[in-house]
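User: I would like to learn how to read sheets, helices and pockets in a protein model. Please take me through one.

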Amino acid sequence: MGKLSIALLQISPCGTLEDNWKKGMECCRKAAEMGADIALFPEMWSNGYDIYSRPAEEWTAQAIPAGGEFVNSFGSLAEDLHMAIGITLLERYMEGVRNTLVLFDRFGERQLTYAKIHTCDFGAERALLPGEDFPVTTLDTACGKVKIGAMICYDREFPESARILMLKGAELILVPNACPMELNRLSQLRARAFENMVAIATCNYPSCVPDCNGGSSIFDGVAYLPGQEASRDCCILQAGEEEGIFLAQLDLELLWEYRKREVHGNAYRRPLKYGLLLDTQIREPFLRKDRRE
């Protein structure tokens, strides 16, 4: 009990929604055969995050509803495989489109829908609607209940994303991704895990996908062990550049015990001193004068 197997589907897209669906279903089945409790896709799997090489009107036309056949089929598969699935998509939403993750539990029930809040408005993602909230859900797994939230790619750049999820009780943060995972971005994930005492599982595209290089990772957030003088490496999985399904076991009991005794996260915060973070009237200084309001 207490060890959660997480499969990161570091796979390349196929060019069409139907082919991505077929490959996604096949890879989920393989992950279940490997013993996974959760399978996570890279960012915007429904269209392979193919948004930079085309006009916005072309790729936004590929948006699909979060309650449609593509997404719901992964809910049915989650029930069949008795494995949670985090499927990602370019979502058609109201009058626009969003970058979205939908998490189904092992019973096929939709437990979480998260739309990327920190959209990359300096590039093609300016055409996306940002999400509104950082939801957290309690996922019933074969090894116990775990509280899960999500960030998507650029959300990682903002400490507030992981901090809010931690304050809402998240123990594991799922991070679909589509960018080069170099030293500094990996360091961000490590820092978010360390400072919040949370596990962070990131799934990226392999190096055969433009502007991506694999490097999917899992940080368990546990920096110190009783009786061990030095800190430990909390990275329990670091994939290479190649395409594949990468699996690691997250020791939930170790994390739960660690959170009871260590000093990070919400242990010694002083929120009354952080008022400036909540002041929405602050407009300056912005490092980029061309930012979108």
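Analyst: The turns below take up sheets, then helices, then a pocket.

Analyst: This is a predicted model, so local features need pLDDT of at least 70 and side-chain atom pairs count only at pLDDT 80 or more, while totals for chains, interfaces and linings use all residues. Residues are numbered from 1 along each chain as its sequence is written, and side-chain values use heavy atoms, with hydrogens and water left out.

User: In what order do the strands β5, β4, β3, β2, β1 and β12 stand in their open sheet?

Analyst: Terms come before the case. Strands (E, at least two residues) and helices (H or I, at least four) are DSSP runs, numbered from the N terminus. Two strands pair if DSSP finds at least two bridges between them. Here 6 strands form an open sheet in the order β5-β4-β3-β2-β1-β12, with mixed pairing. At the edges are β5 (110-115) and β12 (244-251), each pairing on one side only. From one strand to the next, the twist averages 25°. Within this sheet, β1 (residues 3-10) and β2 (residues 38-40) run parallel and are joined by 3 bridges. Leu8 has Leu40 in β2 as its bridge partner.

User: Which strands stand at the edges of the sheet that has β6 and β11 in it, and why is one side of each left without a neighbour?

Analyst: That open sheet has 6 strands in the order β6-β7-β8-β9-β10-β11, again with mixed pairing. Its edges are β6 (137-141) and β11 (235-238); each has a single partner strand, so one side has no neighbour in the sheet. The twist here averages 20° from one strand to the next. Strands β7 (residues 144-150) and β8 (residues 172-176) pair in the parallel sense over 3 bridges, and Ala150 has Leu174 in β8 as its bridge partner.

User: Which strands does helix α1 lie across?

Analyst: Contact means heavy atoms within 4.5 Å. Axes are lines fitted to C-alpha atoms, for helices over the stretch in contact, and angles run from 0 to 180 degrees between N-to-C directions. Helix α1 (residues 17-33) lies across β1, β2, β3 (84-93) and β12, at about 150° to β1. Helix α6 (residues 252-261) lies across β1 and β12, at about 45° to β12. On the other sheet, helix α5 (residues 183-196) lies across β9 (199-203), β10 (217-219) and β11, at about 30° to β10.

User: What volume does the second largest pocket have?

Analyst: A pocket, on a 1 Å grid over the protein atoms alone, is an open set of points where a 1.4 Å probe fits, with protein on both sides within 12 Å along at least five of seven lines; lining residues have an atom within 4 Å of a point. Grid points are joined across faces, edges and corners, and a volume is the space filled by probe spheres set on the points. The second largest pocket has a volume of about 470 Å³. It is lined by 27 residues, of which Tyr49, Tyr52, Ala178, Pro210 and Asp211 are the closest to its centre.
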